[in-house]
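Grab a coffee and work through these short exercises on a ligand site and its metals. Try each task before reading the solution.

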Amino acid sequence: MLAIRLIAEPERADVLVLPVRPAEQAVGDNTDAEPVPTAVAPPDGTAEEAAALAPVARLSGRAGEIRTQLRPGRTPGRLLLLGVGDGGEASWRSAGAALARSAADETHVTIMLPADVTPAAVRGLTEGLLLASYRFRMTDAGTAPALSEVDLLLADPAAHETTIATARTTAAMTHLARDLTNTPSSVKNPEWFADQVASAAADLPDLRLRVRGPAELAAEGFGGILAVGGGSASGPRLVELDWHPADARTHVVLIGKGITFDTGGISIKPVPAMKLMRKDMAGAAAVVAATLGAAALRLPVRVTTLAPLAENMVSGSAFRPGDVIRHYGGTTSETTNSDAEGRLVLADALAYAVQQLAPDLLLDLATLTGANAVALGKRTAALYTENDQLAADVLAAAEAAGEAAWRMPLHTDYVEYLGSEIADLYSAPTQGAGSVLAALYLREFTGELRDRWLHLDMSAPSWADGDQAEVSRGATGWGVRSLLRWLASVN
Ligand code: BES
Ligand code: MN
Ligand code: ZN
C-alpha cells in the first residue's frame, strides 16, 4: 500500500503539491483560485509562483482539479496545484483521489497542508490517496504504476497520527474487500474464502473464528445454505467471526451474502447477467473486512459477523425450482427460482443470529437483486429498516464515509406476495419491486429483532464500470467505510 508519512520539515522536494481553493471574491463560474495558506512556508518562492499561476492556469479551485507546472533546473522540479474546494472531508477525499491518479507515475510527492488543517481533511486526503491507488491484477508482468510515497507537511504531525492510522485501516480493509471480490471464482470457493478470513484474523489479537462445514451445517439445520451450496463441487461454509472487547456495551451482528459464484442454478442466468457473478460475495467481504477493521481499531463494540458461503451451481445435485427448503429454526421456503439464492442463505444466518446470538442490532449486506440498480442506479445501495434512528445513523455514517445509500420502503401491502400454498414462505415473487420484496422476505426471519434490523441491498455499488474518484474500476469494497464509521459511533 502507498506509504503516507506526516512530517513537519520538508525532506525531499522533487514534486511539491500546493492546495488551492476558490478565491473568496469569486463570482459565478468566473472563479479564480487562490493558494491556501499552508502550515509550513513553501520553499523557494513557490508560494508566490502558485499565486501568480492560479489565474493564468484557469483554475477554479474545485476539489480534484490539478495543474502541473514544470520548473526546469529548479527545485522542486514539478509544482502541482491541487484544488481542494471547500476544504471539507469530501473535498479533500476527491483531491487525494485525483492526485493519486494524476501522479501515478511519480514515486514520491510532498503535499503542503493548510495552516488550519482539520482531522477530517487529513482523513479525507489520506483515504482518497490510498483508495484511488488500489490496483488488482493477476499477472507476472508486474503491476501497473502507482504513486508509492507521500509526505504530508504540517505543523504538528503528532496531532494527526491517530487520524492517519484510522484512515490507513479503513483503506486497508476496503482493499481487502476489493481483493476478495475481484478474485476469480476458480480460486475463491467457500473454503478458500473461509481460509482468507482465518489468515486475516490471525494477524489481529482477540478475534474468535468458527467455520462450519457441510456436516456441521447439516447437524444444526442450516437448510438454506446447504440447498444453495448443494450443486457445487466445493461445499458451503458458514464463517462466524467475533470481536468481543471487554468494554463493549452493544452487540452488533453483521451478516454478508457470500455466494462465491452465482450461475443462477437450474434457473440459469443468461450470459450477460452471469458475467460478473464472482462479485456475489461482496456483502460477505464487506462485513468481514469491517469486523477485522473494528478489531484493528479496537472499537469498543462487540461485532459478530456471519458469512454464509456457497457456490450456486448447475449440476445433478443442485436444488430445483419448486423444492421446499427448511431453514435454520424450521421456517420453510418454496423456491420457485433457484436464482433467488442469496435470500435463502441469508435466511439461515438471520434466524441463527436472532435465536442464538440475540444481539442489540442486526445488519445485513447483500448483492441481492438486480432491481437495486433499476431503482437507484449503479452507485447507490438500497437501505431498508423499520427503525428510524438506525436508518438515520447508518445513512449519516455512509454520507460521511463517501458511500451512497438511500432508504427504501418495506411496503406492508406487498407482504401477501410472499405467501406459499405449501410452505411458510415463497422465496421469489415476481410482482415487481424486486429489491423491496427481497427485503420483505428477509424481514420474516428477524423475529424479535424486527425493529432492530437493517438491510442493505448493495448489488449495484459493489462494482464500478470505471474509475470514479476514490473508487477504482472493478470491486469497490462498498460498505466497509460506512460500517467502520457506524461501528465507531455505536456504544
Ligand atoms: N446475485 C443476484 C443479484 C445481482 C444482480 C447482483 C445483478 C448484482 C448484479 C441475485 O442472486 C439474483 O439473481 N437475484 C434475482 C432475484 C429474482 C430471481 C427474484 C434478480 O435480481 O433477478
Ligand atoms: Mn441469483
Ligand atoms: Zn446472487
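**Exercise 1. Find where ligand 1 sits, and describe its surroundings.**

Start with the location: ligand 1 sits in the largest pocket of this predicted model. A pocket here is an open set of points on a 1 Å grid over the protein atoms alone, where a 1.4 Å probe fits, with protein on both sides within 12 Å along at least five of seven lines. To "sit" there, more than half of a molecule's atoms must lie within 2 Å of the grid points.

Next, the neighbours: 16 residues surround ligand 1 (a heavy atom within 4 Å). The closest are K269, D280, D339, E341 and G370. By type, this shell has eight charged, five polar and three nonpolar residues.

Ground rules: local features need pLDDT of at least 70, and side-chain atom pairs need 80 or more, while totals for chains, interfaces and linings use all residues. Residues are numbered from 1 along each chain as written, chains are lettered from A and ligands numbered from 1 in written order, and side-chain values use heavy atoms, leaving out hydrogens and water.

**Exercise 2. Work out which polar contacts ligand 1 makes.**

Look for N or O pairs within 3.5 Å.

- Side chain of D280: an N or O atom is 2.9 Å from a ligand 1 nitrogen.
- Side chain of K257: an N or O atom is 3.1 Å from a ligand 1 oxygen.
- Backbone of G370: an N or O atom is 2.8 Å from a ligand 1 oxygen.

**Exercise 3. Compare the two metal sites.**

First list the donors (N, O or S within 2.8 Å of these metals; water is not among the atoms, so sites may look incomplete). The manganese ion (ligand 2) takes D262 (OD), D339 (O), D339 (OD) and E341 (OE), at 2.0 to 2.2 Å. For the zinc ion (ligand 3), the list is K257 (NZ), D262 (OD), D280 (OD) and E341 (OE), at 2.0 to 2.4 Å.

Finally, link them: the ions are 3.2 Å apart, and D262 coordinates both.

Note on methods:
Polar contact = N/O pair within 3.5 Å; in protein donor to acceptor, adjacent residues only side chain to side chain. 1 Å grid on protein atoms, 1.4 Å probe; cavity = no way out; pocket = protein on both sides within 12 Å on 5 of 7 lines; lining within 4 Å. Nonpolar A, V, L, I, M, F, W, Y, C, P; charged D, E, K, R; others polar.
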